[in-house]
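Me: I am a first-year student, and I would like a close look at a single part of this protein. Please keep it brisk and connect the details.

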Amino acid sequence: MPYDKLRPPDDGEAITVKDDRLVVPDRPIITWIEGDGTGQDIWKAARPVLDTAVELAYNGTRKIVWFEIFAGEKAMATYGELLPKDTFQAIQDFIVSIKGPLTTPIGTGFRSLNVTLRQRLDLYACVRPVKWIEGSPSPIKNPEKLNAIVFREATEDVYSGIEWEMGSPEAQKFLRWLRDQMGIVLGDDTAIGVKPISEYGSKRLVRKAIRYALDQGIPSVTLMHKGNIMKFTEGAFAKWGYEVATQEFRDFVVTEQEVTEKFGGKVPPGRILIKDRLADNMFQQILTRTDEYQIIATMNLNGDYISDALAGMVGGLGMAPGANMGDFVALFEATHGSAPKYAGKDMVNPTSLILSGVMMLRYIGWKEAADLIEKGISRTVQQKRVTYDLARQMGVEPIKCSEFGYAICENMRALVPA
Ligand code: NAD
């Protein structure tokens with residue numbers, strides 16, 4: 001792991017993988033990227049929360065050893081490039097990382113730094129849990145019914161960047177090929193985008209979602225797709241998803257059709273229900289039958305839309321965590337963007353990053369610390385000590401981003417008396 005400009009800390013150890021499991025030392029080195037814009041603000045609030053929770057939960061016997069790596073503007077300042085090789089290498093070497101938001105650079109050849117990170121590191125599952133925290137504002141009547149996790153495929157679909165501008169030589173060439181070879185005639189003023197959905201990419205995503213459901217005792221996995229229209233891409237995703245379920249997890253799953261035809265409408269105990277919903281219907285169902293959905297496995301674009309819709313139901317993007325995951329390498333991240341107009345103002349809500357930290361703690365098996373943070377956030381929100389975004393919806397005076405972090409620490413200390 002030779003680096004150009006990075007120097008790993010000496011007082012911690014790398015997390016490793018053995019026999020298909022993470023091996024986590026008591027002082028794991030975790031790499032972190034501050035991110036652009038409000039990244040600086042949310043990190044200042046989030047890191048003390050994560051450190052305090054670990055210290056309280058394990059009485060000082062465990063500690064995260066933070067190792068800063070660079071992407072975005074900070075990387076540009078240090079390396080003269082936005083995504084240096086060191087950063088990719090360190091994320092792979094240390095397995096577990098967490099990042100703030102990155103501004104999408106205009107006119108640099110990067111579609112987006114986040115998409116590039118996901119694609120280059122093959123972090124194929126973008127995992128976004130959405131759960132309501134008691135006390136937070138919500139536009140729906142029963143937000144407590146929402147407890148869902150989106151597994152969004154992150155390397156394929158229209159995000160692959162295969163598209164050509166109207167009138168470009170490539171678009172013209174493609175249109176000619178369509179006309180001459182396939183007999184499909186489209187106007188010369190047509191722009192072209194390609195939607196690749198592969199069996200391999202779809203199956204590994206659904207496999208990960210079902211494994212997660214099994215590990216965590218989650219009762220259902222829903223395949224979200226628009227296969228009635230895009231039969232050979234989105235329709236195939238659903239078909240491959242059912243194949244994974246029924247061929248690789250036969251004794252542990254039951255499909256909705258089987259429930260109706262063989263089990264009198266009742267899911268047999270101990271089985272995970274596998275169902276599918278058309279994407280448009282899915283948006284309606286999460287509002288009207290919220291508690292019937294737990295894991296939603298879907299392709300890249302659907303996943304993007306549904307994640308934000310769900311986040312809106314629990315108070316907005318500032319409240320929703322996320323992770324980009326490969327087979328083992330995991331990059332946890334705040335799901336919102338860099339919100340540049342608030343940068344350095346100590347105003348925005350750090351909960352998305354803190355909850356991404358909670359996901360990270362669960363991923364490394366430090367459940368007690370994760371639980372403590374969730375309780376700390378909930379108490380703080382119930383005390384109406386919240387940042388401007390929630391304060392506005394709750395009709396209370398806002399506190400600063402950093403004050404919110406301190407308030408969570410105070411509440412966690414109160415929960416674990418010395
Ligand atoms: P954004 O998420 O940065 O901000 C949109 C609005 O959401 C903000 O103006 C603010 O009102 C609100 N908001 C965002 N984060 C908040 C928080 N933590 N607390 C309270 N309110 C919050 O989206 P944008 O303005 O469209 O994008 C800004 C930049 O971020 C762009 O360059 C975009 O490409 C990038 N981006 C990055 C990520 C990521 O790193 N994962 C995700 C989305 C957008």
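The reply below takes one residue and follows its links outward.

Me: Where does R128 lie, and with which residue does R128 form a salt bridge?

Reply: This is a predicted model. Start with the place of R128. It sits in strand 6, which covers residues 125-131. Is R128 buried or exposed? It counts as buried, because its relative accessibility is 7% and the cut-off for buried is under 20%.

Now look at its charged partner. R128 forms a salt bridge with D308. The closest N and O atoms of this pair are 3.9 Å apart. D308 lies in helix 10, residues 300-313. So the pair ties together a strand and a helix whose two residues are 180 residues apart in sequence. The partners differ in cover. R128 is buried, whereas D308 is partly exposed, with a relative accessible area of 36%.

R128 has further contacts. Leaving aside neighbours within four places in sequence, they include R118, A148, I149, V150 and R152. S307 is in contact with R128 too, and so is D308. P321, G322, E333 and T335 are also among the contacts. One more residue is worth finding on the model. F151 is 23 residues from R128 in sequence, yet the two C-alpha atoms are 6.7 Å apart in space.

Take E333 next. It belongs to strand 15, where E333 and L331 point one way. A330, F332 and A334 point the other way. In a regular strand the side chains alternate between the two faces of the sheet. Both sets in strand 15 are buried. In fact, five of the five residues of this strand, 330-334, are buried.

What pairs with strand 15? Strand 5, residues 96-99, runs parallel to it, and four bridges join the two. Here I98 stands opposite F332. Strand 14, residues 321-325, runs antiparallel to strand 15, with five bridges between them. In this pairing A323 is the bridge partner of F332. So F332 has a partner in each pairing: I98 and A323. A hairpin of four residues joins strand 14 to strand 15. P321 and G322, two contacts of R128, fall within the range of strand 14.

Go back to strand 6 for a second salt bridge. K131 also lies in strand 6. It forms a salt bridge with E374, and their closest N and O atoms are 3.6 Å apart. E374 lies in helix 12, residues 367-382, so this pair ties together parts that are 243 residues apart in sequence. Both ends are partly exposed: K131 has a relative accessible area of 44%, and E374 has 24%. This pair belongs to a wider set. K131, R362, K367, D371 and E374 are linked in a network of salt bridges.

Put the two bridges of strand 6 side by side. R128 links to D308 in helix 10. K131 links to E374 in helix 12. The R128 end is buried, while the K131 end is partly exposed. The whole structure holds 26 salt bridges.

Notes. Residues numbered from 1 in each chain as written. Predicted model: local features only at pLDDT ≥ 70, side-chain atom pairs only at ≥ 80, totals over all residues. Heavy atoms only, no water. Salt bridge = Lys/Arg side-chain N within 4 Å of Asp/Glu carboxyl O. Buried < 20%, exposed > 50% of the residue type's maximum accessible area, 1.4 Å probe, protein only. Contact = heavy atoms within 4.5 Å. Pairing = 2+ DSSP bridges.
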